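Reader: I should like to learn how to read strands, helices and backbone angles in a model of this kind. Where should one begin?

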Amino acid sequence: MLSDLRTLARVLRDDYAPRTATESVTVSDRPHGRLRRYGTRGQFDAAREAGAVPVVLVPPLAVPASCYDLAPGVDPANSVVEFLLSTGTIPYVVDFGHAARRLGFEDYFDGFVPRAIADAIGDFRAGSDAVDLLGWSLGGTLSLLTAAHRRDLPIRSIITVGTPLNYSKMPMYAAVRSVLAPTDGKPIDYVLKALGGIPAPLVQLSYRATAWQRELRKPKYILDSLDDHDALVRMQVIDRFQDAMPGYSGKLSEQMLVNLVVRNEVGEGVLHLGGHTVDLRAISAPVFLVGSHRDAIVSHAAARYGEKLLTSSSHVEFHTVESSHLGLLTGADAQAHTWPAIAAFRESLVTSLA
């Protein structure tokens, strides 16, 4: 009983889960594009000797880059970084930091992500001098935009997890489009301009609202899990992750509303962002997509739409994993289904190029 009370006190003080991360080094520290390479020196040397293509992990906007390395060492596994290292792959993670008000999508797909790819290739210096891009949620959007806009980059493949590729197929946005389409989103656009974007507390509240049942059940879950160390660690790490979500900058939030939601330019295949015209239909690299019917943020149909959208890709493959938005990326469902499917897809690339 005393032990349970001590555990409960530590959970309530937010000092139960260790604040650990997989071993890493900073490769480059550019503004809005810090690049970290994960793994030990031995793992790095082994991957280079084997010529294993590295993976550049692209985080969503308004989400900490730590989403790819949540609670390393617990069971079920929660770190995408650990999974990739276990396959002999070196992961690089680009950390965008907090977005300045002036930044738009074009700064990411025409600047920050391409520079991260170049830095990763320059650091790895082995094999075919290529990378795979892996993006969760809007990180997948950034990955696809980068591959479409910068076709000179050595991107072997793009992997998206829970990425919306047609906003008209997402019920939560369909109503917004019907109301704002006649004005091209201008009323809300004016509000976003006045606020300078979407504030961090609102982003955090919105994300938690998509999993409101989890929030309501949390007190009982804590009491039922007092003897389950890993369950409490995972819960606390996810809470910290949610609390660390920054807001969306002014320009980004305006583009998301007008270009993505109201005009559904992603679903149409051609986006007009910051003076750039980006045609997603021109992507030729293989693409692997993951979606879920249980995802409260991105509908299964919106994630799967890439099969119809990416008409120039040499290979488009969709995989269904029934889990939550975050559960597609990390945790028991990801460990059992998402990660093995990604590993099989990447292995098939090696076989096809042999």
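Author: Let us begin with strand pairing: two strands pair if DSSP finds at least two bridges between them. In this predicted model, five bridges join β11 to strand β12 (residues 316-320), and the two run parallel. Within this pairing, L289 stands opposite F318 in β12.

Reader: How many bridges link β6 and β11, and in which sense do they pair?

Author: Strand β6 (residues 155-161) pairs with β11 in the parallel sense over four bridges. Here V161 stands opposite V290 of β11.

Reader: Is β11 enclosed or open to its surroundings?

Author: A residue is called buried when its relative accessible area is under 20%. Five of the five residues of β11 (residues 287-291) are buried, so the strand is largely enclosed by the rest of the structure. V287, L289 and G291 point one way, whereas F288 and V290 point the other way.

Reader: How does one check the length of helix α5?

Author: The span is reckoned at 1.5 Å a residue. For the twelve residues of α5 (residues 138-149) this should give 16 Å, and the end C-alpha atoms are 16 Å apart, which agrees. The helix is also mostly covered, with eleven of its twelve residues buried; among them are L138, G139 and L142.

Reader: Which sign of phi should one expect?

Author: Most residues other than glycine have a negative phi. S137, in the loop between β5 (131-136) and α5, has a positive phi of about 55 degrees. S137 is buried, with a relative accessible area of 12%. H32, in the loop between β1 (24-30) and β2 (33-38), has a positive phi of about 60 degrees.

Definitions and conventions. Residues numbered from 1 in each chain as written. Predicted model: local features only at pLDDT ≥ 70, side-chain atom pairs only at ≥ 80, totals over all residues. Heavy atoms only, no water. Expected span 1.5 Å × (residues − 1). Buried < 20%, exposed > 50% of the residue type's maximum accessible area, 1.4 Å probe, protein only.
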